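Here are some short exercises on how helices pack and where space is left between them. Keep the structure open beside you and try each task before reading its solution.

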Amino acid sequence: MLLGQANAPLVWCVVTATVLCALVASTLGVFASRVVAPGALYTYAAKGLGPAAGAATAAAMTLGYGSLAMFTLSQTAAYGLRIFGPGAPSTLTMCLAVAGIAVLMGVVLIRGVRVSARVGLIIEAVAVAGLLTLVGVLVARNWDHMSVRAAVAVPTGWSHYLAGVAVATCGIIGFESAATLSVEAKRPLRTIPRAINVSLALGAVVVLIATLAQAGGANVLDGISALGEGNVDVLTASIGASWVAPLVNLGVCASFLACALASTTALTRTLLSLAREGVLPSRLGYTHPRFKTPVVGVVVSLLVMVAVIVVSLAAGASESSMRGSMAAAPAIGFMVAYVLVCVAAPAFLRKTGELQRRAAVIAGLAAVGFGGILVVFVATNIGGTWASGIIGALVWLALAAIGYATLRRIRPLVTAHIGIHETPMRSEVFSGHLESDAAVSGGPSR
């Protein structure tokens with residue numbers, strides 16, 4: 001929907017974004033196979049470029065995960081309300097729905113990452129299966145009007161193309177979030193790099209299938225977009241059956257909910273790491289005595305997200321403008337984080353004596369690609385309907401820079417320790433530790 005609003009070439013934008021994200025995933029593997037830390041990307045950047053780069057990446061990650069969680073939370077409420085009727089909900093109804101969903105998310109997130117991960121996986125799997133089925137039906141019904149040439153048409157304008165790549169990145173970002181759970185994963189030095197690559201591959205395939213169908217002439221996204229505004233006529237006309245509308249609403253709502261859970265999970269782990277390092281108040285690093293989850297971080301994050309959404313709705317922001325602005329902000333946050341981590345990778349490998357030309361080239365291409373796209377995206381959209389999200393993101397990054405400079409002057413030891421919170425253990429790097437410990441102690445070892 002957002003790519004269509006940006007007048008961008010759908011397929012080429014998604015393919016380009018996928019290639020650039022694959023370069024980032026390869027670069028993240030350099031760190032994820034060597035470092036175990038809930039700070040993930042900002043810890044990686046600090047390892048290569050120092051505390052200032054770590055702080056900048058932390059600010060970008062917080063922006064990315066926080067705004068993405070707000071975006072998906074608001075859309076979960078919007079599409080959830082569509083299930084009960086096509087009429088546009090009132091502001092009060094929307095606010096109550098957002099608050100109710102946030103409470104539900106809080107319960108799931110506090111219960112533990114195992115619970116939230118399984119709930120998110122099941123919800124997302126069902127939602128994606130249903131939406132891909134819908135895509136298949138639409139393509140079959142519109143087969144005579146499908147055009148391969150239209151789907152793969154070469155981009156005609158560079159500004160729309162590059163801005164579209166930034167928007168397309170929104171459909172794929174999140175593949176790196178597994179790194180924030182490295183401390184809570186089994187054998188993280190092996191499983192986290194694998195999770196990053198598999199997440200990217202699966203997500204990109206799903207997005208590309210829907211994009212090919214849309215670009216070829218099947219009005220998949222047009223129908224869903226109209227449904228989001230309360231108009232079922234476009235979608236039911238394409239399908240030929242009115243009963244499909246509530247099912248699509250349910251699928252879209254479930255997918256947004258799964259994304260909101262995943263984004264908030266990654267956000268709270270980032271806040272926990274920053275709190276443990278003294279950058280944020282220590283209470284944000286407090287974990288539940290039974291579930292071992294960052295309960296204060298979860299509650300505070302959800303309260304802030306609900307407050308921002310409610311204020312935006314009360315100020316009269318339309319659903320479409322909120323959708324675009326809340327998607328633009330995470331695109332900026334993630335691209336800033338990706339660029340910094342990719343620049344940090346060669347420096348990190350040089351410190352460890354493992355720098356190779358291939359890794360340096362991959363990281364350099366990713367940094368240059370996303371850096372250029374970020375500049376074009378901001379320049380071309382800052383005066384449009386997504387301006388509030390872009391300006392808000394830039395203001396957040398500026399405030400973070402001021403905060404870091406202030407903290408560095410007041411508490412230099414704290415800023416010097418940014419990115420040190422990591423906990424590598426023998427069990428993560430040496431598969432024979434149990435046998436060797438048992439041999440030494442004469443019995444099984446914990």
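A crossing of two helices is called left-handed if the near helix is turned anticlockwise from the far one by less than a right angle, and right-handed if it is turned clockwise. Keep in mind that the model is a predicted one.

**Exercise 1.** Describe how helix H2 and helix H15 pack, and give the hand of their crossing.

*Solution.* Start with the geometry: H2 spans residues 10–32, H15 spans residues 357–381, and their axes lie 9 Å apart at an angle of about 135 degrees. H2 and H15 are therefore oblique to each other. Next comes the hand, and this crossing is left-handed. Now look at who touches whom: H2 brings Leu20, Cys21, Leu23, Val24, Ser26 and Thr27, while H15 brings Ile362, Ala363, Leu365, Ala366, Gly369, Phe370 and Ile373. Sorted by class, this contact has 10 nonpolar, 3 polar and no charged residues.

**Exercise 2.** Work out how H5 is oriented relative to H13.

*Solution.* The axes of H5 (residues 91–110) and H13 (residues 295–314) come within 10 Å and cross at roughly 170 degrees. Angles over 145 degrees count as roughly antiparallel, so H5 is roughly antiparallel to H13. As for the hand, H5 and H13 make a right-handed crossing. On the H5 side, the residues that meet H13 include Met94, Val98, Ala102 and Met105; among their partners in H13 are Val298, Leu302, Val306 and Ile309. The residues of the contact fall into 16 nonpolar, 2 polar and no charged.

**Exercise 3.** Find the residues through which H4 and H16 meet.

*Solution.* First place the pair: H4 and H16 pack with axes 10 Å apart, at an angle of about 145 degrees. Their crossing is right-handed. From H4 come Pro51, Ala52, Ala55, Ala59, Ala60, Thr62 and Leu63, and they meet Ala393, Trp396, Leu397, Ala400 and Tyr404 of H16. The class count here is 11 nonpolar, 1 polar and no charged.

**Exercise 4.** Which helix supplies the largest share of the lining of the second largest pocket?

*Solution.* This pocket has a volume of about 1,200 Å³. Its lining holds 45 residues, and Ala59, Thr62, Leu63, Trp396 and Leu397 lie nearest its centre. H4, H12 (244–276), H13, H14 (319–352) and H16 each give at least two lining residues. The largest share, 13 residues, belongs to H16. Finally, check the chemistry: the lining has 33 nonpolar, 12 polar and no charged residues.

Note on methods:
Residues numbered from 1 in each chain as written. Predicted model: local features only at pLDDT ≥ 70, side-chain atom pairs only at ≥ 80, totals over all residues. Heavy atoms only, no water. Axes fitted to C-alpha atoms, helices over the stretch in contact; angles between N-to-C directions. Helix = DSSP H or I, 4+ residues; strand = E, 2+ residues; numbered from the N terminus. Parallel < 35°, antiparallel > 145°, perpendicular 65-115°, else oblique. Contact = heavy atoms within 4.5 Å. Nonpolar A, V, L, I, M, F, W, Y, C, P; charged D, E, K, R; others polar. 1 Å grid on protein atoms, 1.4 Å probe; cavity = no way out; pocket = protein on both sides within 12 Å on 5 of 7 lines; lining within 4 Å. Points joined across faces, edges and corners; volume = space filled by probe spheres on them.
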